[in-house]
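Trainee: Could we go through this structure together, taking its sheets, side-chain pairs and buried positions in turn?

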Amino acid sequence: MIKDKDSITGSFHFVYIVTLIVGTIIQFSDESEFTVDMSNMNLTHVPEDLPPKTKILDMSQNNISELHLSDMSYLSGLKILRISHNRIWWLDFSIFKFNQDLEYLDLSYNQLRNMSCHLIRSLKHLDLSFNDFHVLPICKEFGNLTQLQFLGLSATKLRQLDLLPIAHLHLSYILLDLQGYYAKESEKGSLQILDTKTLHLVFHPNQLFSVQANMLVNNLGCLQLTNIKLNNDNCQVLIQFLSELTRGPTLLNFTLQHVKTTWKCLVRIFKFLWPKPVQYLNIYNLTIVESINKEYIHYPKTALKALTIEHVKNEVFLFSQTALYTIFSEMNIMMLTISDTPFIHMLCPPPSNTFKFLNFTQNVFTDSVFQSCSHLVRLETLILRKNKLKDLYKVGLMTKHMTSLEILDVSVNSLEYDRYDGNCTWVGSIVVLNLSSNILTDSVFRCLPPKVKVLDLHDNRIRSIPKPIMKLEDLQELNVASNSLAHFPDCGTFNRLSVLIIDSNSISNPSADFLQSCHNIRSMSAGNNPFQCTCELREFVQSLGQVASKVVEGWPDSYKCDSPENYKGTLLKDFHVSPLSCNTTLLLVTIGVAVLVFTVTVTALCIYFDLPWYLRMVFQWTQTRRRARNTPLEELQRTIQFHAFISYSEHDSAWVKNELVPCLEKEELRICLHERNFIPGKSIVENIINCIEKSYKSIFVLSPNFVQSEWCHYELYFAHHNLFHEGSNNLILILLEPIPQNCIPSKYHKLRALMTQRTYLEWPKEKSKHGLFWANIRAAFNMKLTLIAENNNA
């Protein structure tokens, strides 16, 4: 029963995994079919093999001239269709009757002149602009587009009631292309645009503005005009055109794009708009032509809060700088932005100015701007980014009287500070200072606003942050990325620092003390530095790992080893080095303990396996073999009849006869024994001497029994005098059993000396050692020795 349950569970898991995989494949398949981009492919018709599940289809920038029902009928889930920039000249909206989910339809920049009115009620964005319609292509069916938010149209003629069918709709954006608009001088167009939040009108880019039409718009919040070309004569035409559009109290944002005008006409536009309810005036891509002369303007009380002028081209080369700059410096608004212009200066405004925000990005301002200007007391933000400022000291002096200034951006200039007295003058109210992308060095820390909280010094030439710098007790955020710093700053200098950005410097061996001492740090970015992955970095990596998820930005991808070569490119989180290799004391102690343990272990093993005995026996075997090879064979070829004479005690005869003699004779050695080789009739001593003289070697089997034998001692006494002399190589001593030194009688001093000076062979009790013992015995004999025949009568 249990086995059946396991089988069912395994089958369920298998089905679940297969279902999950199949579902994932289907999901990826749906995503791949969801969006189809076939733009800019030189198509002349809609492809027939589009995926049926397509929801977003882009066929813009092609050569398609017609759309048919069969092209769209099978795309039932289509929501977005972009088919702009083609050659479609006729459109029957009934081709979309099977596309009931269609919300976004872009047909702009085609050649449409006529179309049917069977619209899809789900449309939210319909763009028919930049086509060839003579009048606005609005029919009564447009009134059913209750979800419509964006409507783009084109027309060459305006009629007052053209937009009546959509009068009840609350549109967010109407784009009206009037590039082809034309009306006779006696005719004056009229259009009632009842309700929209944003109205964008596009005129012909190369023709003087000449549209004379009355437009009435309710609830208009944003008005945008594109392609305005003016001179002194037709300037009033534009002002008259704007009179009705700017009348309503809801118009807050007015934008002019691609404007080409005279200076005089521009000033007239300012005079016209100043009393209007417009709060934000934007002019982009402004070109000034003909001449720039002094214009008198008295700015009345205005609702305007901000004027933004970007991308100015001045085609007037000789003009009065004062005439130009006075118009802007005397404006009674809070925010003024003039960027990307050839302006080289700006005048100090009058005492009555209301400027709180000035942005002069990407101009040609120099250090002389606003010097000795004491009227900008309300200014809170000053941006002089991308200009020609060079002296940081003069920048500080410029702010002297800006008592409300909090934010100053002078980045991307050529600022330097080479003074060494540290006597900089800054207004004390600055809390945010951007000095990035200049050529400042370490000395910049002697010339900073004392109350600054946010300081940006990235992309400069700072090599170190000197310790004896001015106190920046309020500094909370410091950006010193892309410099040449080799170390982290000292938190003792910036004790309130909470955000530090120090990416892309020259920090190779940062100290872990920084993270431990800077308790207020809540965000730090220190990636893309050339970290040297050695022992010194180990503690820093451990510190980063403990706070990485909460504090360290870009961890771990931006933190990589730069050296040594074998670690190059390794993430710091994957860099591991053992504490043993980094701590010399610990390493020495570890090595010492290891050596001691090894020594004790080897000693114990030597004692346990009797290794000294083996070594001693091998040494004896080596010495014996060497002596046997070095003895000339001719010296032995005299009267030698035996390979060895064996002397032993009768008590040890069993071992001699059962062990020693059989082993030697098995090697074809001739052995001399007293019981079989002594000559009857001769004395024992005479037989012993005679046998020793006729034997190549003399083997003495020593044991306590040998020492206790009285008669043996007496007879051996004479043999000692003849044979036991120093340097003799014919003597082999076998210690059958241990003999204490005190057991050897004093009269056998020669035997005592031999046992002390000569190496003797010990008979091992362990059977495993017998092989080495016999190898030592055999090594003492020259197997090539030729013996003479035994003569018993000798």
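What follows is a conversation in questions and answers about this structure.

Mentor: Keep in mind that this is a predicted model, in which local features need pLDDT of at least 70 and side-chain atom pairs count only at pLDDT 80 or more, while totals for chains, interfaces and linings use all residues. Residues are numbered from 1 along each chain as its sequence is written, and side-chain values use heavy atoms, with hydrogens and water left out.

Trainee: What is the order of the strands in the open sheet of 5 strands?

Mentor: Helices (H or I, at least four residues) and strands (E, at least two) are DSSP runs numbered from the N terminus, and two strands pair if DSSP finds at least two bridges between them. With parallel pairing throughout this open sheet of 5 strands, the order is S28-S27-S29-S30-S31.

Trainee: Which strands stand at the edges of that sheet?

Mentor: An edge strand has a single partner strand, so one side of it is left without a neighbour in the sheet. At one edge, 2 bridges join strand S30 (residues 731-735) to S31 in parallel, and Leu735 stands opposite Glu762 in S31. The two edge strands are S28 (671-672) and S31 (761-762).

Trainee: What angle does the direction of H13 make with that of S29?

Mentor: Helix H13 packs on the sheet, where it touches S27, S28, S29 (695-702) and S30, a contact being heavy atoms within 4.5 Å. Axes are lines fitted to C-alpha atoms, for helices over the stretch in contact, and angles run from 0 to 180 degrees between N-to-C directions. On that scale the direction of H13 and that of S29 make about 150 degrees.

Trainee: Is Ser649 buried or exposed?

Mentor: Ser649 is found in the loop between strand S27 (642-647) and helix H13 (653-666), and, residues up to four places away in sequence not being counted, Ser649 touches Asn705 and Phe706. Buried means under 20% relative accessible area, exposed over 50% and partly exposed in between (1.4 Å probe, protein chains only). Because its relative accessibility is 4%, Ser649 counts as buried.

Trainee: Which residue forms an aromatic pair with Trp655?

Mentor: Rings of Phe, Tyr and Trp (its six-membered ring) pair if their centres lie within 6.5 Å, with planes under 30 degrees apart counting as stacked, over 60 as edge-to-face and the rest as tilted; by this rule the count comes to 23 aromatic pairs. In the pair of interest, which is edge-to-face, the centres are 5.2 Å apart with 70 degrees between the planes. The pair links distant parts of the chain, 108 residues apart, from helix H13 to the loop between S31 and helix H19 (770-779). The partner of Trp655, buried at 11% relative accessibility, is Trp763.

Trainee: Why is the pair of Phe773 and Trp774 edge-to-face?

Mentor: Both rings belong to buried residues, Phe773 with a relative accessible area of 0% and Trp774 with one of 10%. The ring centres are 5.1 Å apart, and the pair is edge-to-face because the planes stand at 75 degrees.

Trainee: Which residue forms a salt bridge with Arg676?

Mentor: A salt bridge is a side-chain nitrogen of Lys or Arg within 4 Å of a carboxyl oxygen of Asp or Glu, and a search of the whole structure finds 10 of them. For Arg676 the closest N and O atoms are 2.6 Å apart, and the pair links distant parts of the chain, from helix H14 (residues 674-677) to helix H13, 11 residues apart. Arg676 is partly exposed at 45%, and its partner, partly exposed at 33%, is Glu665.

Trainee: How far apart are N and O in the salt bridge of Arg247 and Glu244?

Mentor: Arg247 counts as exposed at 56% relative accessibility, whereas Glu244 counts as partly exposed at 29%. Their side chains meet in a salt bridge with an N to O distance of 3.2 Å.

Trainee: How many residues of strand S9 are buried?

Mentor: Strand S9 (residues 171-177) is joined in parallel by 5 bridges to strand S8 (residues 150-154) and by 6 bridges to strand S10 (residues 189-202). Ser154 has Asp177 as its bridge partner in S9, and Tyr173 stands opposite Thr198 in S10. Strand S9 is mostly covered, and of its 7 residues the number buried is 5.
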